[in-house]
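Reader: Please take one buried part of this protein and look at it closely, saying what surrounds it, and then place it in the setting of the chain as a whole.

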Amino acid sequence: MKTDTPVTIRRSDYAPPTFLVDTVELDFDLDAASTTVRAKLALRRNPAAAADAPLHLDGDGLTLVQAKLDGVVLPPERLAFAGDGSLTIAGLLDVAVLETVVRIAPETNTSLSGLYTSGGNFYTQCEAEGFRRITFFPDRPDVMSRYTVTITADRARVPVLLSNGNPDGAGDAGEGRHRARWVDPHPKPSYLFALVAGDLVAVSDRFTTRSGRDVALNIWVRRGDEDRCGHAMDSLKRSMTWDEDIYGLEYDLDVFNIAAVSDFNMGAMENKGLNVFNTKYVLASQESATDGDWQGIETVIAHEYFHNWTGNRVTCRDWFQLSLKEGLTVFRDQEFSADMGSRAVKRIRDVRGLRAAQFPEDAGPMAHPVRPDSYIEIDNFYTPTVYQKGAEVVRLIHTRIGATAFRRGMDLYTARNDNQAVTIEDFVTAMQDASGIDLSAFYGWYDQAGTPELTASDSYDPATRRFTLTLRQQTPPTPGQPDKHPVPIPVAMGLLGPDGAPQATRLAGENAAQPGTRTLLLEGTEQSFVFEDVPAPPVPSLLRGFSAPVRLRGVTRDRLRFLAVHDTDPFVRWESGLQYAASVMLEMVAAQQRGEPLGFDAALAEAVANTLAAAGDDPAFAAEALSLPGEGFLADQMEIADPVAIHAVRQHLRAEIGRRCRPALRATYDALAETGPYRIDGTAIGRRALRNTCLAYLTAAGDGPLAKAQFDTATNMTDSLAALSLLADTDGAARDKALATFHARWRGDDLVLDKWFSIQAMAARPDAIAAVRALYTHPDFDLRNPNRARSLIGAFASGNPSQFHDLSGEGYRFLADAVIALDPINGSIAARLVGPLGQWRRQAAARGTLMRRELQRVLDTPNLSKGTFEKVSKALL
Ligand code: 0A1
Ligand code: ZN
């Protein structure tokens, strides 16, 4: 039996709130089984709303004990409850005070939205719509209020009581209980409310802002984790300095608290003055954290800190504007990380990530614009499109108007919109006003889904010495958007002479030639650019630095090889090598499908040899250049993917390159052996990355003992895990022993144990599905913990394509079983994990049918969460 079909919320239906809430007083009497929340709201009719409009309060799973309006208890007939738990009260004066008392049960809250417990401590998560699980409130971001919070709890079991803003007194509450008060002077939307309470310890430091404010910095963790917070604290201080230096933005409270929790749905949350973090993005030590973990911490700490201005001081009017804060804040954290390390390598990694997650999303059933038109469950729209593509769109504007005008635009944006809930128009307008450049065409990037395809063609006329470059764009249709319009595409480019030397460029109509990179702007469907005085047929280098999130077509293999060696732009050098390899590999996939021998393109071995020879200059870049296109990237290039053939080709190539380049790979591997103390700077990380890339090729070529030796002697998690993941793909005793050793050593550390689950889930062995099913019932597996659920279910479905797509359909069945089991526990995570089944249109019919059958089985499950319903029903359309 199907319950109510969930409602679709549309952007075009936006209506302002009927009442504003100027101040909120919250009083929590904390108890894991039954917490009492008293709320006092100072209400004021919104001048923008009708004079007789009723008050609408969201609520979800709340037990109402009492409601008083202007001091008088409201009789039940004044309270109109709706099926979704919300409450409407009519007949209010223009100014009113509402007091409510509700009960909630944090310890049975497995959704991790609202107030919940983890390891006996209390945490909240309110974005996007969790505050309504704490108290009755107009839970929408355009209602901004000043909060005062009082927390009372058992002193012995809950010694630490935290909320937003600045502390404002604490004291005894009798009967073994104590109390603390917090005042947040800044008005904020309810999604930024936070409470953290429990038996926690702080790692503390201080920061003095540019204008002299002394800020206490605290990172709150479980006892025993104190010695793993150093990197998070350093990253925080660097972020604070960077935002002052680059944007003139300072912190605005006396304390900045971060609390780490091991049960958390996402990476972290920017609650005003009290960020809550997944432990994964706080805790790190040499022994337990990989280089990826160190970098992830730096990025996420920066991201949440930067939200204090882009998100908190200036927030979103409604959830359709989510990218207003997320796209902009990702852009800011990307730039921060680029400034902290190698800009080129950072850009390569970000583009890799965009293509791995966002491009497929934009070509699948959940494709949506950066600013969506509708949603059923907003949790489903915290996506690579809203975050990463949103950041690319901000970058397009940055490229278009230049860094100086962009900074002026940011000043204007924050000054005009401070303490307001605004829209993407307010951002674009500020950038336009600051630059004097018409940016109206850029709304196409916000409102149109799908990845534009950019095709380049050119001709050279020796008689006139003219070179004509023609750029053409086209965006494929996406669900609900059959017809697409052209969008403005900045194409950063240069020309190389036949000898590979960079050439100055002069467009027809210009007086002088310009050296270096210049940016062409493709505005219509097709446009030709004529370059004058070109002495010989040049090779164009296009989309330098990945100047637009598009798929570039039409570059020949010869040119790719040429650009990979000669271009001045490191991104294009890397990209050309990657595209060359991808083109060769896709041809091999076709051969594999026809049952023909795979062969080998000697140019690939040559490229590897050249890269290794020059690797000393920039090992991090070399590691990127040596990494073959991933299986997902290749699948995304194919109309109908063939995950098994892709895997076979990639393995074959790795082994072949490993064999042909063995001496050079081995020499590099040996030369990069760690000698001095462990460091996590860019150079040290780059050296480890390159060394482990060499190890992967050598292992693929049959040098098994090397990985075992590295595993046995590694002194840091990066090297240990790199070796273990290679061993995990092999057969035999060494594999089992290494996995057992690793488990025995790390069984007490959740974050490392997640890696142990993931490595096995991603091992491309024929018994993978059975192994994953066995791990699902392992005593250390816990479906309720999002990190653990992702480490097994997500890692298998997204990180092991050849086994997930096994023709038996058992991989699909496992995923559907897990989603059905998880949905009633945590619908938000279940909806995220179900994603890979939605890609059935990109698989051959035999697989597609099996995938659809599992989607249907999920859809037929009674009481499915709104989020999972939305993902599955859209996938089946
Ligand atoms: N605003 C956070 C992301 C976030 C979103 C939802 C959450 O719970 C369902 C938690 C965090 C960020 O961008 O970091
Ligand atoms: Zn964010």
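Author: Two residues are taken to be in contact if their C-beta atoms, placed from the backbone, lie within 7 Å, and the account of what covers the chosen helix rests on that cut-off. The model is a predicted one.

The part I choose is helix α12, residues 619–626, which is mostly covered, with eight of its eight residues buried. Those buried residues are P619, A620, F621, A622, A623, E624, A625 and L626, so that the charged residue E624 is listed as buried along with the others. An α-helix has 3.6 residues a turn, so residues three or four places apart point the same way. In α12 the burial takes in each of the eight positions, from P619 to L626. Among the elements that cover these buried residues are α4 (343–362), α10 (570–594), α11 (602–613) and α16 (682–700).

The helix also has a place in the annotation, since α12 spans residues 619–626 and UniProt, in an unreviewed entry, puts the feature "domain: Peptidase M1 alanyl aminopeptidase C-terminal" at residues 558–876. Over residues 558–876 the chain is 72% helix and 0% strand, and the end C-alpha atoms of that stretch are 42 Å apart. A contrasting make-up is found over residues 108–192, where the chain is 0% helix and 55% strand and the end C-alpha atoms are 23 Å apart; to that stretch the unreviewed UniProt entry gives the feature "domain: Aminopeptidase N-like N-terminal".

Turning to the strands, β17 (residues 201–208) and β18 (residues 214–221) pair in the antiparallel sense over eight bridges, and D205 has L217 of β18 as its bridge partner. These two strands form a hairpin with five residues between them, and in the turn G212 has a positive phi of about 95 degrees. β18 is also joined by five bridges to β19 (residues 255–261), with which it runs parallel, and there L217 has F256 as its bridge partner. L217 is thus bridged to D205 as well as to F256.

A comparable arrangement centres on β25 (residues 453–461), which pairs with β32 (residues 551–553) in the parallel sense over three bridges, with T455 standing opposite R553. β25 pairs as well with β26 (residues 466–474), in the antiparallel sense over nine bridges, and S459 has T468 of β26 as its bridge partner. In the hairpin of β25 and β26 there are four residues between the strands, and R465 takes a positive phi near 55 degrees.

The ligand has its own surroundings: 15 residues surround ligand 1, the closest being Q125, E127, N265, M266 and M269. Two elements, β20 (268–269) and α2 (291–306), give two or more residues to this shell, whose residues divide into four nonpolar, six polar and five charged.

For the whole protein, there are 27 helices and 32 strands, and 49% of the 877 residues count as buried. Of the contacts with a separation of 6 or more, 71% are accounted for by residues 24 or more positions apart. The C-alpha atoms fill a box of roughly 90 × 70 × 60 Å along the principal axes, and the radius of gyration is 28 Å, which agrees with the value near 29 Å for a compact globule of 877 residues.

Conventions. Residues are numbered from 1 along each chain as its sequence is written. Chains are lettered from A and ligands numbered from 1 in the order in which they are written. This is a predicted model: local features need pLDDT of at least 70, side-chain atom pairs count only at pLDDT 80 or more; totals for chains, interfaces and linings use all residues. UniProt positions are given in the numbering used here, feature names are shortened, and annotations may be inferred rather than shown by experiment. A residue is near a molecule or strand if its C-beta atom, placed from the backbone, lies within 6 Å of it. Two strands pair if DSSP finds at least two bridges between them. The radius of gyration is taken over C-alpha atoms; the globule rule is 2.2 Å times the number of residues to the power 0.38. A residue is buried if 20 or more other C-beta atoms lie within 10 Å of its own, exposed if 12 or fewer, and partly exposed in between; C-beta atoms are placed from the backbone.
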